[in-house]
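Work through the following exercises with the sequence and the model in view, and try each task before reading its solution.

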Amino acid sequence: MKRTGLLYDERFLLHKTGEGHPEMPERLTVIMRAIEEAGLFSKLVPVPVTAAKIKWIEKVHAPKYIHRFEEACMLDLGELGDPDNQICPQSYDTALLAVGGILNTVDMLMEGKIDNAFCAVRPPGHHAEMMDAYGFCFFNNVAIAARYLQLVWNVGRVGIVDFDVHHGNGTQHIFEQDADVFYYSIHEHPSFAYPGTGREFEKGSGPGFGMTLNSTVLPGQGDEEYMHKITRDLLPAFDQFKPEVILVSAGFDAHAADDMSDINLSTEGFSWMMETICRMADKYAGGRLISILEGGYALDVLPELLKNHVEILLGLKEL
Amino acid sequence: MFIDQSMTRDVITVGPEMSIIAAREIMVKNGIRHLPVVAEDDILVGIVTDRDIRTAMPSTVLSEAENAAAAERLAGIKVKDVMTARPVTVSPTQTLEDALLMMEMYKVGAFPVVDQQGRLRGIISVRDLMRAFVNVLGLRTPGVLVGIVVEDKLGQMKKIVDAISELGVSFGSILVARVWEEGKRAVFPYLLTTNIARVRKHLRDKGFTLLDPMEWYLDQVPKK
């Protein structure tokens with residue numbers, strides 16, 4: 001069994017998005033209840049939560065944007081940028097705690113105190129751009145973790161796998177020109193789904209050319225197409241890149257029961273995908289992997305999906 | 001939008017007396033297919049395309065001896081011998097729609113932009129128009145395209161905008177296809193929201209017919 005870290009804090013529930021918004025605090029409560037009911041708590045290593053220092057946020061986001069976010073919360077403006085990004089007075093502090101907790105997770109991983117980890121955080125991050133909030137995301141959690149791995153832990157090659165059903169435009173753009181961070185995303189085809197980026201011809205630019213890879217899936221497709229594209233695209237790419245640490249943007253909205261997308265991935269399909277990613281971590285990164293929650297809105301399937309997810313990280317579940 | 005706002009200003013030009021071999025090198029090196037030809041004072045005298053030059057080049061099926069002779073002859077050919085003299089031009093105060101329709105009409109990929117004195121001010125190409133089009137569609141802002149079929153009568157757009165606005169969703173752009181099927185129009189709002197399923201459901205509940213591109217796709221998939 002692996003020593004798997006678990007990042008969670010009840011304060012992640014304080015980011016309130018209002019009536020009817022899919023990115024709701026209940027997502028985390030059902031996930032945590034499932035992990036508890038499966039008897040996994042005692043097997044997991046808790047990660048302490050502290051607010052992130054602004055200097056780490058600034059490695060990814062412009063100070064002007066950070067201030068705009070803070071101010072919008074202080075003034076209780078209700079939204080940041082557009083109505084998708086609902087905020088409340090606590091949203092800024094919550095986002096800082098999520099990032100801070102993730103950076104603590106990185107430290108524990110690199111100090112060898114844990115083998116891998118799951119971060120049950122809100123708000124999500126992968127749509128957040130350097131200067132803007134998009135798609136329920138404010139600080140790009142995964143991107144900040146990758147920069148921190150580079151700057152503090154001198155990790156030469158960070159591999160990011162993003163299986164949220166929506167393309168991680170923010171993460172892609174932040175590392176577009178970076179030869180040391182490989183961004184792979186599999187998502188619903190951008191002509192049918194938000195955010196309209198992540199087309200297969202987008203491959204990075206400048207020194208980062210070839211370090212961005214997108215697999216697009218048409219509406220109605222599911223397990224077969226995911227297995228085909230991950231095997232065809234991701235496996236050979238990481239075989240060449242050989243990431244030293246893998247970060248996962250773990251979104252669960254590609255599930256057939258999740259009406260945020262038209263993709264029909266099954267519960268078993270998610271397990272196959274996560275096991276495949278964990279095997280790559282074992283092969284290239286000494287198992288070092290941090291999974292960070294992005295989307296996933298179907299409250300009835302999240303419990304089972306996340307129980308499986310954590311069991312796979314612990315090494316309790318084999319295909 | 002005026003052409004002046006979208007044209008390429010830093011234009012690489014050649015003189016009429018330049019050899020076509022040198023002109024071709026300039027095209028290859030800069031990855032461009034059109035070179036405006038200017039005389040003194042930037043007065044436009046013609047335009048030369050890679051096609052004009054290729055037509056003058058020796059064929060690859062010729063023998064070496066024939067090729068050598070042709071190459072010698074080629075060195076003497078000047079831009080002014082192969083260029084289109086007095087090409088169709090546009091002015092900076094014409095609009096992008098003018099350029100778009102003219103490109104379709106004249107079947108050319110670029111127009112030199114000249115002022116009233118006949119001086120070259122820029123060039124407007126298919127590429128410039130595409131950039132403007134991507135901008136108008138708002139494709140660089142995260143969002144998603146939805147297709148709605150409505151009857152071709154007054155007031156339909158308002159209903160669509162109202163229905164979408166009820167959900168508090170912002171618009172990136174709206175396109176309307178005038179000819180879709182008999183008596184119908186297709187409206188394509190580009191919506192700045194992640195939760196598109198909610199928008200689709202809301203529109204269907206309100207009685208709108210949504211275009212489902214997957215119907216076409218599923219028709220292409222071999223039936224089991």
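**Exercise 1.** In this predicted model, locate Pro195(A) and describe the peptide bond that joins Tyr194(A) to it.

Solution. Begin with the place: Pro195(A) sits in the loop between β7 (181–188) and β8 (212–217) of chain A. Next, turn to the bond between Tyr194(A) and Pro195(A), which is cis, with omega about 0°.

**Exercise 2.** Find where Pro123(A) lies, and state the geometry of the peptide bond from Arg122(A) to Pro123(A).

Solution. Pro123(A) belongs to the loop between β5 (116–119) and α5 (141–151) of chain A. The bond that leads from Arg122(A) to Pro123(A) is cis, and its omega is near -10°. For background, most peptide bonds are trans.

**Exercise 3.** Decide whether Lys242(A) is buried, partly exposed or exposed, and describe its phi.

Solution. First, Lys242(A) is found in the loop between α7 (223–241) and β9 (245–250) of chain A. Its phi is positive, about 50°, although the residue is not a glycine. Finally, count the neighbours: 14 other C-beta atoms lie within 10 Å of Lys242(A), and therefore the residue is partly exposed.

**Exercise 4.** Do the same for Asp41(B): is it buried or exposed?

Solution. Asp41(B) lies in the loop between β1 (34–38) and β2 (44–49) of chain B, and its phi, near 65°, is positive in a residue other than glycine. Because 9 other C-beta atoms are within 10 Å, and 12 or fewer is the cut-off for exposed, Asp41(B) is exposed.

Terms used: Residues numbered from 1 in each chain as written. Chains lettered and ligands numbered in written order. Predicted model: local features only at pLDDT ≥ 70, side-chain atom pairs only at ≥ 80, totals over all residues. Helix = DSSP H or I, 4+ residues; strand = E, 2+ residues; numbered from the N terminus. Buried ≥ 20, exposed ≤ 12 C-beta atoms within 10 Å, placed from the backbone.
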